[in-house]
Amino acid sequence: MTTKQELMLAAIGCAVPDKAGIYACVPVSSGRRLWDLCLELGVGDWKTVRARYPARYKDEVLLPNLRAARVFVEHLRRAWPQPVIDPSTLAIKGWHQDDYLALWKTVIAEKVFAVVLAPGWQWSR
């Protein structure tokens with residue numbers, strides 16, 4: 001892990017004891033909305049969609065995914081007394097997908113007792 005990832009893990013540990021959290025697994029930068037947009041545009045590669053159509057990607061994939069994640073996480077927080085970890089709220093300048101995946105993999109291993117998958121999560125990359 002990088003120093004930033006270690007700091008993020010330590011910060012999460014301030015609020016979530018070991019094996020006490022629930023991880024809300026939600027599509028953020030991909031999911032069904034992305035693949036539908038790829039299909040509509042006739043583009044087979046998601047990276048091409050993000051590069052050629054950044055406004056559509058933001059408006060039709062990223063922002064709707066973030067809104068849906070917020071609703072899903074709010075539902076989990078009403079249903080469970082344990083802390084719910086929402087990965088969609090973490091945005092760090094300069095980080096890429098691999099940085100987030102490394103952090104969340106460690107968070108899940110150390111801080112989480114349950115992972116709850118949002119509807120449509122299977123479409124995420």
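Colleague: Let me pin the term down: buried means under 20% relative accessible area, exposed over 50%, and partly exposed in between, using a 1.4 Å probe and protein chains only. So what percentage of the protein's 125 residues count as buried?

Modeller: 37% of the 125 residues. Keep in mind that this is a predicted model, where local features need pLDDT of at least 70 and side-chain atom pairs count only at pLDDT 80 or more, while totals for chains, interfaces and linings use all residues. Residues are numbered from 1 along each chain as its sequence is written, and side-chain values use heavy atoms, leaving out hydrogens and water.

Colleague: Fine. How many helices and strands are there?

Modeller: 5 helices and 3 strands. Those are DSSP runs numbered from the N terminus: H or I of at least four residues for helices, E of at least two for strands. Along the sequence they run α-β-α-α-α-β-α-β.

Colleague: And what's the radius of gyration?

Modeller: 15 Å, which agrees with the value near 14 Å for a compact globule of 125 residues. That's over C-alpha atoms, and the globule rule is 2.2 Å times the number of residues to the power 0.38. The C-alpha trace spans about 45 × 35 × 20 Å along its principal axes.

Colleague: Switching to A24: where is it, and is it buried or exposed?

Modeller: A24 sits in strand β1, residues 21–25. It has 0% relative accessibility, so it counts as buried.

Colleague: What does A24 touch, beyond residues up to four places away in sequence?

Modeller: F72, V73, L76, V84, I85, P87 and V116, with contact meaning heavy atoms within 4.5 Å. The C-alpha of A24 is also 10.0 Å from that of R77, which is 53 residues apart from A24 along the chain.

Colleague: Across the protein, what share of contacts with a separation of 6 or more comes from residues 24 or more positions apart?

Modeller: 76%.

Colleague: OK, T106 next. Which helix is it in?

Modeller: Helix α5, residues 97–111. T106 has 17% relative accessibility, so it counts as buried too. Setting aside neighbours within four places in sequence, T106 is in contact with M1 and L9.

Colleague: What does the side chain of T106 reach?

Modeller: The backbone oxygen of A102, at 3.2 Å.

Colleague: Last one, charges. How many positive and negative side chains?

Modeller: 17 positive and 12 negative, with the centres of the two sets 2 Å apart. Lys and Arg count as positive and Asp and Glu as negative, without His or the chain ends; each charge is placed at NZ of Lys, CZ of Arg, CG of Asp or CD of Glu.

Note on methods
Polar contact = N/O pair within 3.5 Å; in protein donor to acceptor, adjacent residues only side chain to side chain.
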